[in-house]
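Work through the exercises below with the coordinates open. Each task is followed by a stepwise solution.

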Amino acid sequence: MALPEILNQYHPEIESELQSALQSVPGNALPLYQIMAYQLGWVDKQGIPEPYNYSERFYSSLCLQAAKLFSDESVIPVAAGIEFLFNSIKVHEDMQTGDPHLEYRPSVWWEWGPAQAINIGDGLHALARVAVFRLRHYGHSPEAILRAINLLDDIALQYYEGQYLELTFQERIDVMESQYLSMAAAKKGSLLAGALKLGSVISGASDKAVDALYQLGIKLGLAAQIREDIDSFFPPRENTPVSPRVLNKTKLFPVIRALEIATISQKRALGEIYFKRVIQPEDLQNIYTAIKDLDVFEYAESKVKAFYQDALDLLEQAGVENEQLPHWHQIADYIVRR
């Protein structure tokens with residue numbers, strides 16, 4: 001699904017700021033930064049520049065779109081900051097889930113190993129803070145810069161709280177829906193809500209508008225996470241590899257629901273799968289067979305719709321004018337369906 005044009009318009013500005021932030025680091029000639037450039041899509045494994053043709057800079061664009069609701073003053077450094085943070089998280093998560101693919105080419109950990117992937121992920125997190133400090137070049141006060149740094153760190157902490165919880169769920173079959181939703185709000189919602197909050201706060205939005213945008217991001221994060229979990233059972237294309245989140249025993253929302261309402265024998269069948277040392281691709285069918293009669297997919301779809309509608313209901317409180325609503329509906333739809 002293509003990035004909405006309202007967000008795609010920011011791409012050149014974002015690329016320029018990301019490159020400027022990376023080039024501002026004194027030691028940027030070190031191969032460490034070449035690997036960061038690889039993660040960002042600018043060079044190949046040998047460090048040779050290549051046409052940028054993947055990843056849509058979604059979180060930075062979302063940050064700028066939120067900022068435009070309240071001010072024309074540039075907040076591009078915080079947009080670059082959230083993009084660096086997202087890529088930091090992506091490097092680490094690819095390694096944690098064992099995913100060898102970075103869109104159309106190998107992941108950093110697959111090419112350079114886990115040890116260097118840790119360095120790259122941590123370095124990109126540091127670059128996120130470097131980028132935000134560049135607000136001073138755009139006339140923002142020291143107080144605004146410190147607040148932005150604090151918000152960026154809050155986003156990271158919330159995400160890793162969610163990631164921690166999801167990892168602890170892998171070896172459990174007693175996870176409740178409420179626990180899952182807390183995890184998903186922290187993990188999936190933190191980046192969406194954080195991007196919206198960063199853009200609106202630095203643009204001088206009212207506390208009411210900031211809170212509405214933040215809650216909107218959380219609701220869309222919940223809808224998107226459940227949608228992703230459903231799609232893990234029903235890949236959009238034939239011959240699509242099984243999601244690493246299935247094989248590493250991630251508790252997908254339909255499974256969480258099933259474990260809450262299943263009979264003892266059904267729970268036992270699921271437990272036999274999830275307590276295996278390693279889950280195989282063929283186990284996905286066994287999981288599906290164990291839960292297909294419990295209406296969990298219909299229930300999951302209803303939760304996606306409910307959270308999606310909750311998000312749309314917050315747009316007015318967030319200060320979105322009527323003429324802007326179609327754009328924000330496109331953005332919400334993209335988040336949940338991409």
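**Exercise 1. A bridge within a helix**

Does Lys-90 count as buried, partly exposed or exposed? Then characterise its salt bridge with Asp-94.

Solution.
- Ground rules: this is a predicted model, where local features need pLDDT of at least 70, side-chain atom pairs count only at pLDDT 80 or more, and totals for chains, interfaces and linings use all residues. Residues are numbered from 1 along each chain as its sequence is written, and side-chain values use heavy atoms, with hydrogens and water left out.
- Step 1. Lys-90 has 21% relative accessibility, so Lys-90 counts as partly exposed. The cut-offs: buried is under 20% relative accessible area, exposed is over 50%, and partly exposed is in between (1.4 Å probe, protein chains only).
- Step 2. Asp-94 has 3% and counts as buried.
- Step 3. The closest N and O atoms of Lys-90 and Asp-94 are 2.6 Å apart. A salt bridge needs a side-chain nitrogen of Lys or Arg within 4 Å of a carboxyl oxygen of Asp or Glu.
- Step 4. Both residues belong to helix α5 (residues 76-97); because they are 4 residues apart there, about one helical turn separates them. Helices (H or I, at least four residues) and strands (E, at least two) are DSSP runs, numbered from the N terminus.

**Exercise 2. Bridges across the sequence**

How many salt bridges does a search of the whole structure find? Examine Arg-105 with Glu-50, then Lys-249 with Glu-171.

Solution.
- Step 1. The search returns 17 salt bridges.
- Step 2. Arg-105 and Glu-50 bring their closest N and O atoms to 2.6 Å. Arg-105 sits in strand β2 (residues 105-106) and Glu-50 in a loop after α3, so the bridge ties together parts 55 residues apart in sequence.
- Step 3. Arg-105 is buried at 9% relative accessibility, while Glu-50 is partly exposed at 23%.
- Step 4. For Lys-249 and Glu-171, the closest N and O atoms are 3.0 Å apart. Lys-249 is in the loop between α11 (244-247) and α12 (253-261), and Glu-171 in the loop between α8 (142-169) and α9 (177-202), so this pair ties together parts 78 residues apart in sequence.
- Step 5. Lys-249 is buried at 6%; Glu-171 is partly exposed at 45%.
- Step 6. Salt bridges with shared partners also join Glu-93, Glu-166 and Lys-187 into one network.

**Exercise 3. The enclosed space**

Which residues line the largest cavity? Give its volume and composition.

Solution.
- Step 1. Set the terms. On a 1 Å grid over the protein atoms alone, a cavity is a set of points where a 1.4 Å probe fits but cannot get out; a pocket is an open set with protein on both sides within 12 Å along at least five of seven lines; lining residues have an atom within 4 Å of a point. Points are joined across faces, edges and corners, and a volume is the space filled by probe spheres set on the points.
- Step 2. The whole structure has 1 cavity of 30 Å³ or more. The largest cavity holds about 70 Å³.
- Step 3. Its lining is Glu-93, Gln-96, Thr-97, Gln-163, Glu-166, Leu-167, Gln-170, Lys-187, Arg-245, Asn-248 and Thr-250. Helices α5 and α8 each supply at least two of these residues.
- Step 4. By class, there are 1 nonpolar, 6 polar and 4 charged residues. Ala, Val, Leu, Ile, Met, Phe, Trp, Tyr, Cys and Pro count as nonpolar, Asp, Glu, Lys and Arg as charged, and the others, Gly among them, as polar.
- Step 5. Take one lining residue, Asn-248. Asn-248 lies in the loop between α11 and α12 and is buried at 17% relative accessibility.

**Exercise 4. The second largest pocket**

What volume does the second largest pocket have, and which helices supply at least two residues each of its lining?

Solution.
- Step 1. The volume is about 200 Å³.
- Step 2. The helices are α2 (11-23) and α3 (31-39).
- Step 3. The lining divides into 7 nonpolar, 4 polar and no charged residues. Trp-42 and Tyr-33 are among them.

**Exercise 5. Rings**

How are the rings of Tyr-159 and Tyr-160 arranged?

Solution.
- Step 1. The structure holds 9 aromatic pairs. Rings of Phe, Tyr and Trp (its six-membered ring) pair if their centres lie within 6.5 Å; planes under 30 degrees apart are stacked, over 60 edge-to-face, the rest tilted.
- Step 2. The centres of Tyr-159 and Tyr-160 are 5.2 Å apart with planes at 85 degrees, so the pair is edge-to-face.
- Step 3. Tyr-159 is buried at 4%; Tyr-160 is partly exposed at 28%.
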